[in-house]
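Biologist: Hey, I'm new to this one. Could you walk me through it once it's up on screen?

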Amino acid sequence: MSDHMAAAIELSVSPNVPPAPAAGMYWSRALTYGRCPSRPLRAHSANLVGEYLYVFGGCDMKTCFNSLYVLDMDTLTWSKPRTFGDMPPPCRAHSCTTVERDIGGGKKSYSLYVFGGGDGPNYFNDLYVLNIDTLTWSKPKTQGEAPSPRRAHTTCIWNQKIIIVGGGDGARALADVHMLDVSDPHLPKWSLLSPEGNPPIARGYHTSNLVKDKLIVYGGSDGHECFSDVYVLDLVSNRWNQIDLDRAVPRLAHSATQVGSYVFVIGGHDGSRYSSDVLLLNLVTMSWETRKIYGGAPSPRGYHTSVLHDSRLYILGGYDGRNVFDDVYMLELSACAYLPQITNFEIDV
């Protein structure tokens, strides 16, 4: 081997990162290309449609944005497409929900439904829709009574209905649950859900993951306390149940991504400090698990977004109380790459 080749091999291995076993999960910073967001982002939204990640809104230390960026997840190349129509105002801590429709001939159309958020002093309860095919924004008229203005709520799509849980309006945290029926794209209809059972107390900056017909709500804060509880909203029976966990892990402004029969919880704030931990909530046993993770983890942060693509979890941006980040990290699932294939399990409440 030539001295030049030996030097090149030596250079390619970072001296500060111990090697990982082939089966070990592994953090690395992802190199991206193209026209990336011009500012670092926190409290933005990120929606994966096919291999394209649509990143909207958010803020840096001073300003909120209403820019749309698209990251091609196969090439990690950013673009900033031109959009048309009636776009949302600059906002952060809004929700953005992907709605898929069959349009015949085996084809589907996709739209992004942006609701709520705020720009600092102002809180919104407007609904905007981005047609992915035409990149055109619209502000549809809605039926029914819209939720009060809010940010830091969560949404999911279930049976052509967007379910909205909690959030905050600047004066207080909220505990209400609303539903937006989007089966008629021209006239979405709001209604208030009043689930039975034992509801979670008011909160924002929690997460919610829809697993079949059950919505798993974890963590968040009411402005005073950082929560560690997990509640399940059964959308068929319209009932809340609290889950008994093996230990308390308080988190707010974390990300929670379903990977098969697990929810991977990354980062967030535990009530006293920001974290870069990766915790696995086992949805079958309803217990917390940890795995040894190798590589160079992202710095502690919250208010980031996380997405699963091609056996990797990617996190974008975030905030640690001092800095807003513009980086992208990826977590190789390695031996856990089979997890997304696990779909045949039940959540026992």
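**Cavities, pockets and core**

Modeller: Sure. Let's begin with enclosed space: the largest cavity holds about 50 Å³. Keep in mind that this is a predicted model.

Biologist: How many cavities of 30 Å³ or more are there?

Modeller: The count comes to 4.

Biologist: And which residues line the largest cavity?

Modeller: The lining is made of V165, G166, L174, A175, P200, I201, R203, H206, V217 and W240. Two elements, strand 13 (161-168) and strand 14 (173-181), give two or more residues each to that lining. By class, the lining splits into 7 nonpolar, 2 polar and 1 charged.

Biologist: OK, what about the pockets? How much space lies in the largest pocket?

Modeller: About 1,400 Å³. The largest pocket has 40 lining residues, and nearest its centre are A46, T155, S208, A256 and S306. Strand 3 (45-49), strand 8 (95-104), strand 12 (154-158), strand 17 (207-211), strand 21 and strand 26 (305-309) each give two or more residues to this lining.

Biologist: Which strand has the largest share of that lining?

Modeller: Strand 3, with 5 residues.

Biologist: How does the lining of the largest pocket divide into nonpolar, polar and charged?

Modeller: There are 17 nonpolar, 22 polar and 1 charged.

Biologist: And the second largest pocket, what's in its lining?

Modeller: There are 20 lining residues, with G168, Y205, S221, D222 and G223 closest to the centre. That second largest pocket has about 400 Å³ of space. Its lining has 7 nonpolar, 7 polar and 6 charged residues.

Biologist: Switching topic: which residues have the most contacts inside the largest nonpolar core?

Modeller: I216, V265, L283, W288 and I347, in a core of 17 residues. Strand 18 (214-218), strand 19 (230-234), strand 22 (262-269) and strand 23 (274-282) supply at least two residues each.

Biologist: Let's pick L283. What does L283 touch?

Modeller: Leaving out residues up to four places away in sequence, L283 touches V211, I216, G260, S261, Y262, V263, F345, E346 and I347. Two of those, I216 and I347, also appear among the core residues with the most contacts.

Biologist: Where is R251?

Modeller: R251 sits in the loop between strand 20 (239-242) and strand 21 (255-259).

Biologist: Is R251 buried or exposed, and why do you say so?

Modeller: Buried, because its relative accessible area is 6%, and the cut-off for buried is under 20%. The C-alpha atoms of R251 and H206 are separated by 7.8 Å, although the two are 45 residues apart along the chain. H206 is one of the residues lining the largest cavity.

Biologist: What about the backbone? What's phi of L76?

Modeller: It's near 50°, a positive value in a residue other than glycine. Most residues other than glycine have a negative phi. L76 is in the loop between strand 5 (68-72) and strand 6 (77-79), and L76 is buried, at 12% relative accessible area.

Biologist: And what is phi of L135?

Modeller: Near 55°, so a positive value again counts here in a residue other than glycine. L135 lies in the loop between strand 10 (127-131) and strand 11 (136-138). With a relative accessible area of 18%, L135 is buried.

Biologist: Last one: what's the average pLDDT of the chain?

Modeller: The average is 94, and 95% of the residues score at least 70. Over residues 4-13, though, pLDDT is below 50, and this stretch has 2 contacts beyond near neighbours in sequence. Where pLDDT is low, the predicted coordinates should not be read in detail.

Methods
Residues are numbered from 1 along each chain as its sequence is written. This is a predicted model: local features need pLDDT of at least 70, side-chain atom pairs count only at pLDDT 80 or more; totals for chains, interfaces and linings use all residues. Side-chain values use heavy atoms; hydrogens and water are left out. On a 1 Å grid over the protein atoms alone, a cavity is a set of points where a 1.4 Å probe fits but cannot get out, and a pocket is an open set with protein on both sides within 12 Å along at least five of seven lines; lining residues have an atom within 4 Å of a point. Grid points are joined across faces, edges and corners, and a volume is the space filled by probe spheres set on the points. Helices (H or I, at least four residues) and strands (E, at least two) are DSSP runs, numbered from the N terminus. Ala, Val, Leu, Ile, Met, Phe, Trp, Tyr, Cys and Pro count as nonpolar, Asp, Glu, Lys and Arg as charged, and the others, Gly among them, as polar. pLDDT is the predictor's confidence in each residue, from 0 to 100. Contact means heavy atoms within 4.5 Å. A nonpolar core is a set of buried Ala, Val, Leu, Ile, Met, Phe, Trp, Tyr and Cys residues joined through side-chain atoms within 4.5 Å. Buried means under 20% relative accessible area, exposed over 50%, partly exposed in between (1.4 Å probe, protein chains only).
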